[in-house]
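This text walks through one protein, going from its overall make-up to one helix and then to its nonpolar cores. Please keep the sequence and the model in view while reading.

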Amino acid sequence: MTEAGALRRLETLCARSEHSEGELLDKMRRWGLSDEEQGRIMEKLVKTRFVDDERFTEAFIHDKIVFNGWGRRKIEQGLWAKHVDEAVYTPLLDAVDESLYLEALRPLVRQKYRSVKAETEYERAMKVVSTSTRHDNASTNWQKRRTTKNGLRKIINHNSVLTLS
């Protein structure tokens, strides 16, 4: 494929949806373009604002939280897989309101609550909380675990999940 053909094809692709620089570089590598050609094409795409990693990251974060119910750690892994620089996505993830994560978590906790078997409602609630925090890969220290656990307790107690059967 020629450099001009690759540029046209990538411009068309980027006009339809957001893509990261890393994704486009992977595509160009698969098409067999040299590193110099890839650099020139990327420079043109960035200069004309067809590609903007920050804009891509904002859209990716929003969509994954709202439509897929992903948490912070899974979003980080997805952005890493898309070859987005950590310096780009970390401040954007830090700016996300924790209530968005909790809103995405509520239906999952309710569903889990219904499936857990226990002798008392309290025991059932604690099983849900401990399961949810045990699988929370984003919690890297005790303080975060405590915050996550308290957040889940709040979901369970303040949203009448305890009354669900």
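Accessible areas here come from the Shrake-Rupley method with a 1.4 Å probe. By that method the accessible surface of the protein comes to about 10300 Å², and carbon and sulfur atoms hold 50% of that surface. The model is a predicted one, and every value in this text was computed from it.

The protein has nine helices and zero strands. Read along the sequence, its pattern is therefore helix after helix, α-α-α-α-α-α-α-α-α. Of the 165 residues in the protein, 35% are buried, where buried means under 20% relative accessible area. Among contacts with a separation of 6 or more, 57% join residues that lie 24 or more positions apart.

Helix 3 shows how burial is arranged around one element. This helix covers residues 35-47, 13 residues in total. From its first C-alpha to its last it reaches 18 Å, close to the 18 Å expected at 1.5 Å a residue. Which residues of helix 3 are buried? They are Gln38, Ile41, Met42 and Leu45. These four lie on the same side of helix 3 because they cover an arc of only 100° around the axis. The other side of the helix carries Glu36, Glu43 and Lys47, which are exposed. What do the buried residues of helix 3 pack against? Their partners are helix 1 (3-16) and helix 2 (21-31). Just after helix 3, Arg49 takes a positive phi of about 65°.

The next topic is the nonpolar cores. The largest of them has 13 residues. Within this core, Phe60, Ile61, Ile65, Ile75, Leu79, Leu93 and Tyr101 touch the most other members. Three helices each supply at least two residues of this core: helix 4 (53-66), helix 5 (72-81) and helix 6 (86-94). Helix 4 gives the most, with four residues.

Leu79 serves as an example of the packing. Leaving aside residues up to four places away in sequence, Leu79 touches Phe56, Thr57, Phe60, Ile61, Val84 and Tyr89. Two of the residues on that list, Phe60 and Ile61, are also among those that touch the most other members of the largest core.

Apart from the largest core lies another one, of twelve residues. Leu7, Leu24, Leu33 and Leu45 are among its members. Leu45 has already appeared as one of the buried residues of helix 3.

Technical notes: Residues are numbered from 1 along each chain as its sequence is written. This is a predicted model: local features need pLDDT of at least 70, side-chain atom pairs count only at pLDDT 80 or more; totals for chains, interfaces and linings use all residues. Side-chain values use heavy atoms; hydrogens and water are left out. A nonpolar core is a set of buried Ala, Val, Leu, Ile, Met, Phe, Trp, Tyr and Cys residues joined through side-chain atoms within 4.5 Å. Buried means under 20% relative accessible area, exposed over 50%, partly exposed in between (1.4 Å probe, protein chains only). Contact means heavy atoms within 4.5 Å. The expected span of a helix is 1.5 Å times one less than its number of residues. The arc is that of the directions from the helix axis to the C-beta atoms.
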